[in-house]
Amino acid sequence: MKKIIALILAAMMLLSSAAALAEPVTLVYAEVNPLEGTIVGSIAKFFKEKVEELSGGEIIIDIQASGVLGTEAQILDGIMMDAGTVDISRISAFALSSYGCKKATLLSLPFVFENRAHFWNFANSELAAEFLNEPQTIGLPLRGIAYGEEGFRHFFFQTGLPVAGIEDLKDLKIRVSEDPVMTGMVKALGAYPTTVSFTELYSALQSGVVVGAEQPIANYKSNAFPEVANTLLLDGHTLGAIQLVITDMGWAKLTEQQQAWILEAGKLTQEYNAQIVEAAEADVLAALKEEGCNIIEVTDKTPYMEACKPIVEANVGAEMAAYEAIINLK
């Protein structure tokens, strides 16, 4: 009996030593924007801190920022092909619409969210959980962790271009991502949508390939766009809704306990995002004004909303019930 007990104790010690020597799981986190000076950068750093804190160092988050792993579309294409380069990414909430997520499309529709409080009512609702799970329901190799936002998106234009309102957008070449909703919205406003990679946008504005684009305020400033496009039109056509996603391959690297830590860190990151975003955006806007940015307030959004109605109707499709559920959360 003593020999058996001794063998059991020895085995337990070996298991304990093996666990102690086990390498932490490293998950690569892709972010297309810089870490410093952006809301999404702050979110990435907070998520990393919380995951590593909750897991006691069992999970390491390796943040690869400033687009070093490619554009958002390239990152998502790699995920769909199981490339294994990225485990976690911060993406635009509507980006998955290109891969068959119909509910995701609703989040990119013009003027779907009346204000910031309206978005957070959605993000903290049971409806949001349903949206986050949509990739799994249609067989995509990733799942949502949390929602967030980086402020309303606004148009900006080449320095010196005389833009003051919707009537001035006619026939202007405005950069869009490969998104049918954004393309349709720009057309509806009378301009020409032009697809340009985000990493090439600065030079495209500088050379005149496009004369305008759109981004949340923090991204506009942190990517130095005011240097070549110093007119900012505060139309707030869509909210920069974002989400954190983890690939199935990344998820499979984790134990159940580690998966629970990832989800808890996501919940805490969502709460953190809600706390900081309004003040962070206000600080950036104040800095832009101080630096001489030509900021144009849009006091009446009605003409923009009216122009965009056909795009909303064309893209709601079979998800009318979900769209109405979002609207009713305001």
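Q: How many helices and strands are there in the chain?
A: This is a predicted model, so read everything here as computed from it. The chain has 14 helices and nine strands.

Q: Is the chain compact or extended for its length, and how do I tell?
A: Set the radius of gyration against what the globule rule gives. Here the radius is 22 Å, close to the 20 Å from the rule for 330 residues, so the chain is as compact as a globular protein of that length. For its outline, the C-alpha trace spans about 90 × 45 × 35 Å along the principal axes.

Q: What percentage of the residues count as buried?
A: Of the 330 residues, 53% do. On the outside, the accessible surface comes to about 14900 Å², with 55% of it belonging to carbon and sulfur atoms.

Q: What do the contacts say about sequence separation?
A: Take contacts between residues at least 6 apart in sequence, then ask what share join residues at least 24 apart. In this chain that share is 76%.

Q: How many positive and negative side chains are there?
A: Count 22 positive and 42 negative, with the centres of the two sets 4 Å apart.

Q: Let's zoom in on one residue. Where is Val-312 found?
A: Look in helix H13, which covers residues 302-316.

Q: Why does Val-312 count as buried?
A: Buried means under 20% relative accessible area. Val-312 has 11% relative accessibility, so it counts as buried.

Q: Which residues is Val-312 in contact with, leaving aside neighbours within four places in sequence?
A: Those are Leu-109, Pro-110 and Tyr-323. Val-181 is worth a look too: its C-alpha lies 8.3 Å from that of Val-312, with their positions 131 residues apart in sequence numbering.

Methods: Residues numbered from 1 in each chain as written. Predicted model: local features only at pLDDT ≥ 70, side-chain atom pairs only at ≥ 80, totals over all residues. Heavy atoms only, no water. Helix = DSSP H or I, 4+ residues; strand = E, 2+ residues; numbered from the N terminus. Rg over C-alpha atoms; globule rule 2.2 N^0.38 Å. Buried < 20%, exposed > 50% of the residue type's maximum accessible area, 1.4 Å probe, protein only. Contact = heavy atoms within 4.5 Å. Areas by Shrake-Rupley, 256 points an atom, 1.4 Å probe, with all protein chains shown as cover. Lys, Arg positive; Asp, Glu negative; His and termini not counted. Charge placed at Lys NZ, Arg CZ, Asp CG, Glu CD.
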